[in-house]
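Please keep the sequence and the model side by side while you read, and look up each residue as it is named. The paragraphs below move from one part of the chain to another.

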Amino acid sequence: MTIEVGKKVPAFTAESTGGPVSLAALRGSIVVLYFYPKDNTPGCTTEGQDFAAAHAGFRKAGAVVYGVSRDTLKSHAGFKDKLGFPFELISDPDEALCDSFGVMKLKNMYGKQVRGIERSTFVIGADGKLARQWRGVRVPQHVDEVLAFVQTLS
């Protein structure tokens with residue numbers, strides 16, 4: 001099942017660097033979930049830094065931001081602390097959240113096919129419905145585009 005724009009996002013609970021996160025508890029807030037392949041890699045570091053730099057704008061617009069990858073909570077905690085991210089990172093080692101958002105893809109890495117996360121961002125409205133999605137994201141200017149969209153919702 002793939003989540004569609006305009007439809008309710010299925011309830012989820014996941015572990016994050018700040019404790020359990022549940023969609024039900026976030027009701028009434030705009031939620032930005034950005035899925036990224038791996039902690040401490042160049043593109044993922046840049047994307048996280050871009051979200052961190054724009055964090056005040058997201059908060060002002062009534063949005064909460066979460067980064068999601070398959071890395072462990074321990075890895076996330078180190079990544080978050082090292083870069084000073086002002087938002088939490090969700091650990092999805094069993095790929096439950098990744099699967100529900102349909103972000104697991106076969107990718108080519110050094111000539112071999114590997115299963116990994118396709119860099120993607122989802123904005124869930126305060127009503128719990130998917131407001132917008134970006135798949136196959138390229139990092140430059142992406143966060144600016146997401147923030148501009150979120151500001152139209154507040």
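Two residues are said to be in contact when heavy atoms of theirs lie within 4.5 Å. The model shown here is a predicted one, and a good place to begin is L23, which sits in the loop between strands β2 and β3. If its neighbours within four places in sequence are left aside, L23 is in contact with V9, P10, A11, F12, V31 and I124. With a relative accessibility of 9%, L23 counts as buried, because buried means under 20% relative accessible area. The C-alpha atom of L23 is separated by 27 Å from that of G43, a residue 20 places away along the chain.

The loop between β2 (19-22) and β3 also holds A25, and here the accessibility is to be read against another cut-off, since exposed means over 50%. A25, with a relative accessible area of 64%, is therefore exposed. Between the C-alpha atoms of A25 and A11, which are 14 residues apart along the chain, the separation is 9.9 Å.

From that loop we can go on to strand β3 and its aromatic rings. Which parts of the chain does the pair of F35 and F101 tie together? F35 belongs to strand β3 (residues 30-35) while F101 belongs to the loop between α4 (96-100) and β6 (104-109), so the pair joins parts that are 66 residues apart in sequence. The two rings are tilted, with 5.4 Å from centre to centre and 45° between the planes, and both F35 and F101 are buried. F35 also pairs with F122, this time edge-to-face, at 5.6 Å centre to centre and 90° between the planes. This second pair again links distant parts of the chain, for F122 is in strand β8 (residues 120-124), 87 residues apart from F35 in strand β3, and both of these residues are buried. In the whole model the count comes to 11 aromatic pairs, and one aromatic cluster is formed by Y34, Y36, F51, F58, F79, F85 and F87.

F35 appears once more among the contacts of R119, a residue placed in the loop between β7 (112-117) and β8. Leaving aside neighbours within four places in sequence, the contacts of R119 include F35, Y36, P37, G43, C44, E47 and W134. R119 has 15% relative accessibility and so counts as buried.

Two of those contacts, C44 and E47, lead us to the helices and the cysteines. Helix α1 (residues 42-53) packs with helix α5 (residues 142-153) at an angle of about 35°, and their axes are 9 Å apart. The crossing in which α1 passes α5 is right-handed. On the side of α1 the contact is made by E47, D50 and F51, and on the side of α5 by H142, V143 and V146. Sorted by kind, the residues of this contact are three nonpolar, one polar and two charged.

How many disulfides does the structure hold? A disulfide is a covalent bond between the sulfur atoms of two cysteines. The structure holds zero disulfides: C44 is in none, and the nearest cysteine sulfur, that of C98, is 12 Å away. A pair of sulfur atoms counts as a disulfide within 2.5 Å. C44 is buried, with a relative accessible area of 1%, and C98 is buried too, with a relative accessible area of 0%.

Terms used:
Residues are numbered from 1 along each chain as its sequence is written. This is a predicted model: local features need pLDDT of at least 70, side-chain atom pairs count only at pLDDT 80 or more; totals for chains, interfaces and linings use all residues. Side-chain values use heavy atoms; hydrogens and water are left out. Axes are lines fitted to C-alpha atoms, for helices over the stretch in contact, and angles run from 0 to 180 degrees between N-to-C directions. Helices (H or I, at least four residues) and strands (E, at least two) are DSSP runs, numbered from the N terminus. A crossing is left-handed if the near helix is turned anticlockwise from the far one by less than a right angle, and right-handed if clockwise. Ala, Val, Leu, Ile, Met, Phe, Trp, Tyr, Cys and Pro count as nonpolar, Asp, Glu, Lys and Arg as charged, and the others, Gly among them, as polar. Buried means under 20% relative accessible area, exposed over 50%, partly exposed in between (1.4 Å probe, protein chains only). Rings of Phe, Tyr and Trp (its six-membered ring) pair if their centres lie within 6.5 Å; planes under 30 degrees apart count as stacked, over 60 as edge-to-face and the rest as tilted.
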